[in-house]
Amino acid sequence: MPSFDIVNKLDAEAFKNAVDGVNREILTRYDFKGSNSEIQLKEKEYHILADSDLKLKQIKEILSKNIVRKSIDIKSINFEKEEKASGNMIRQKIKIIEGIDKDNSSVIIKYIKDKKLKIQTSIQGEQIRVQGKKRDELQTIINSLKTLDLNIPLNFVNFRD
């Protein structure tokens with residue numbers, strides 16, 4: 001029976017390349033000259049470290065452009081609350097959003113069931129398995145889910161006949 005999985009997974013290598021690009025751009029830009037601003041990786045978490053609010057805002061804009069350039073959906077990351085760091089610096093954590101939570105999975109499953117096709121869905125951890133008898137119905141579901149407006153990006157993997 002044909003099936004596929006709906007997941008929310010960030011391409012970690014592409015994200016790391018985008019962060020490295022931001023750090024390189026910070027080193028070469030004139031307005032960051034003499035600044036200790038950067039994006040750091042500490043214990044599998046990314047933090048933006050900046051001298052001022054203006055530089056923090058500029059780093060976030062540069063990161064957003066680089067993420068889009070690497071074909072990563074901007075919904076995959078979330079900027080958390082700013083906090084003071086040592087030496088008059090500002091730190092902001094970048095939260096990477098992966099997996100499909102219960103609220104979004106129930107919205108997706110309800111959306112699929114409303115299509116009235118002969119398709120079964122099942123939640124498997126942080127992903128959803130979709131099975132059907134006809135391959136065309138599964139492709140129809142994929143195309144319609146791409147138009148669904150959620151607060152997370154969706155990836156479709158493991159398409160099997």
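Here are legends for a few close-up views of this predicted model.

**View 1. Meet the largest nonpolar core.** This cluster has 21 residues, and the ones touching the most other members are Phe-15, Val-22, Ile-39, Ile-59, Leu-63, Ile-67 and Ile-94. Four elements each put in two or more residues: helix α1 (12-28), strand β3 (45-50), helix α2 (53-69) and strand β5 (89-96). The biggest giver is α1, which supplies six residues. If you're wondering about the general pattern, nonpolar side chains in soluble globular proteins tend to be buried together.

**View 2. Zooming in on Phe-15.** Which residues does Phe-15 touch, once those up to four places away in sequence are set aside? Look for Leu-10, Tyr-46, Ile-67, Ile-72, Ile-77, Ile-94 and Ile-96 around Phe-15. Separate from this core there's another one, made of 16 residues, including Ile-6, Ile-108, Ile-128 and Ile-142.

**View 3. Strand β1 beside strand β7.** Here β1 (residues 3-7) pairs with β7 (residues 127-132), and four bridges link the two in an antiparallel arrangement. To find your way, spot Ile-6, which sits opposite Ile-128 of β7. You've met both of these residues already, as members of the 16-residue core.

**View 4. The β6–β7 hairpin.** Strand β6 (residues 119-124) also runs antiparallel to β7, this time with six bridges joining them. One handy landmark is Ile-119, which faces Gly-132 in β7. What lies between the two strands of the hairpin? Just two residues, and Gly-125 in the turn has a positive phi of about 70°.

Terms used
Residues numbered from 1 in each chain as written. Predicted model: local features only at pLDDT ≥ 70, side-chain atom pairs only at ≥ 80, totals over all residues. Heavy atoms only, no water. Core = buried A, V, L, I, M, F, W, Y, C linked by side-chain atoms within 4.5 Å. Buried < 20%, exposed > 50% of the residue type's maximum accessible area, 1.4 Å probe, protein only. Contact = heavy atoms within 4.5 Å. Pairing = 2+ DSSP bridges.
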